[in-house]
Amino acid sequence: MDTGLLILRVVVGLLIAGHGVQKVSYRLGGHGLAGGTEEFRHDGFRGGPLTALAAGTGQIGAGLFLALGALTPLAAMVAMGVMTVAATVKLPHGLWVQDDGYEYPLVLVVVSGALALTGPGRWSADHAVGLTAWPMWLSIVALVLGPSSGLLSRAVLRRPATPEEGTAVARPAD
């Protein structure tokens with residue numbers, strides 16, 4: 001079981017961190033902070049570079065902490081939050097990733113949630129410093145607050161679309 005958790009944590013954690021690196025740099029195929037900012041603007045967010053920087057650093061930090069198995073429930077909570085936001089962006093396209101759907105972010109949310117519940121396993125930073133079992137209430141709080149914070153962030157940062165962006169606007173009756 002510990003080997004499986006290690007593999008799962010490292011792969012998923014590094015993928016989440018890599019996703020964040022793309023938002024704030026030119027590494028891993030990213031387009032720098034300007035590109036990350038434009039991506040968020042295109043997806044209907046306000047906040048400019050600060051929004052992209054917060055999302056990118058959140059993904060980098062959560063991903064690296066998950067990969068290391070460090071503060072696992074908290075890292076999972078942040079990962080679930082940022083990936084919930086990603087899922088809301090993809091929601092209109094349906095489930096499947098080939099249609100730009102929310103399949104991939106959903107998998108990352110579910111895996112992060114499962115890691116919050118199972119813990120990181122024996123080969124982890126948590127275990128190395130004596131955090132061998134997180135209290136179940138903390139995992140439950142992480143499961144609730146992670147996606148909830150993502151949905152709240154989406155609601156707060158959502159910028160009203162302009163007519164040029166294809167949103168129907170109410171017209172006066174003829």
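Let's start with Leu 28, which sits in the loop between α1 and α2. In this predicted model, Leu 28 has a phi near 55 degrees, a positive value in a residue other than glycine. Is Leu 28 buried or exposed? Its relative accessibility is 58%, so Leu 28 counts as exposed, since the cut-off for that label is over 50%.

Asp 100 makes a good companion to Leu 28. You'll find Asp 100 in the loop between α4 and α5, and its phi is near 65 degrees, again a positive value in a residue other than glycine. Asp 100 has a relative accessible area of 35%, so it is partly exposed.

**The whole chain**

Now zoom out. The chain has 7 helices and 0 strands, so reading the elements from the N terminus on just gives α-α-α-α-α-α-α. Along its principal axes, the C-alpha trace spans about 70 × 35 × 30 Å. The chain has 174 residues, and buried ones make up 39% of them.

**A few residues in helices**

Here are three residues that sit in helices, with how much of each can be reached from outside.

| Residue | Helix | Relative accessibility | Class |
|---|---|---|---|
| Leu 64 | α3 | 39% | partly exposed |
| Met 80 | α4 | 2% | buried |
| Thr 51 | α3 | 9% | buried |

Why do Met 80 and Thr 51 count as buried? Buried means under 20% relative accessible area; Met 80 comes in at 2% and Thr 51 at 9%.

You can also check how these two are placed against other parts of the chain. Met 80 and Val 107 are 27 residues apart along the chain, and their C-alpha atoms are separated by 10.0 Å. For Thr 51 and Gly 36, 15 residues apart along the chain, the C-alpha separation is 8.9 Å.

**A nonpolar patch on the surface**

Leu 64 turns up again on the outside. Together with Val 10, Leu 14, Phe 65, Leu 71, Leu 74, Val 129 and Leu 131, it forms a nonpolar patch on the surface, with about 640 Å² of accessible area in total. The elements giving two or more residues to this patch are α1 and α3.

**Pockets**

Next up, the gaps. Rolling a probe the size of a water molecule over the atoms shows where empty space is left.

How much space lies in the largest pocket? About 640 Å³. It is lined by 33 residues, and the closest to its centre are His 19, Lys 23, Phe 40, Gln 59 and Ala 86. Two or more lining residues come from each of α1 (2-24), α2 (32-42), α3 (48-68), α4 (72-90), α5 (103-118) and α7 (136-157). Helix α4 provides the largest share, 9 residues. By class, the lining of the largest pocket splits into 14 nonpolar, 14 polar and 5 charged residues.

The second largest pocket holds about 220 Å³ of space. Which residues line it? They are His 42, Asp 43, Thr 88, Val 89, Lys 90, Pro 92, His 93, Asp 100, Arg 154 and Arg 158. So our loop residue Asp 100 is back, as part of this lining. Helix α4 gives the most here too, with 3 residues. The classes in the second lining come to 2 nonpolar, 3 polar and 5 charged residues.

Definitions and conventions. Residues are numbered from 1 along each chain as its sequence is written. This is a predicted model: local features need pLDDT of at least 70, side-chain atom pairs count only at pLDDT 80 or more; totals for chains, interfaces and linings use all residues. Side-chain values use heavy atoms; hydrogens and water are left out. On a 1 Å grid over the protein atoms alone, a cavity is a set of points where a 1.4 Å probe fits but cannot get out, and a pocket is an open set with protein on both sides within 12 Å along at least five of seven lines; lining residues have an atom within 4 Å of a point. Grid points are joined across faces, edges and corners, and a volume is the space filled by probe spheres set on the points. Helices (H or I, at least four residues) and strands (E, at least two) are DSSP runs, numbered from the N terminus. Ala, Val, Leu, Ile, Met, Phe, Trp, Tyr, Cys and Pro count as nonpolar, Asp, Glu, Lys and Arg as charged, and the others, Gly among them, as polar. Patches are made of residues with over 30% relative accessible area and no salt bridge: like charges are joined within 9 Å, nonpolar side chains (Val, Leu, Ile, Met, Phe, Trp, Tyr) within 5 Å. Accessible areas come from the Shrake-Rupley method with a 1.4 Å probe; for residues, only the protein chains shown count as cover. A salt bridge is a side-chain nitrogen of Lys or Arg within 4 Å of a carboxyl oxygen of Asp or Glu. Buried means under 20% relative accessible area, exposed over 50%, partly exposed in between (1.4 Å probe, protein chains only).
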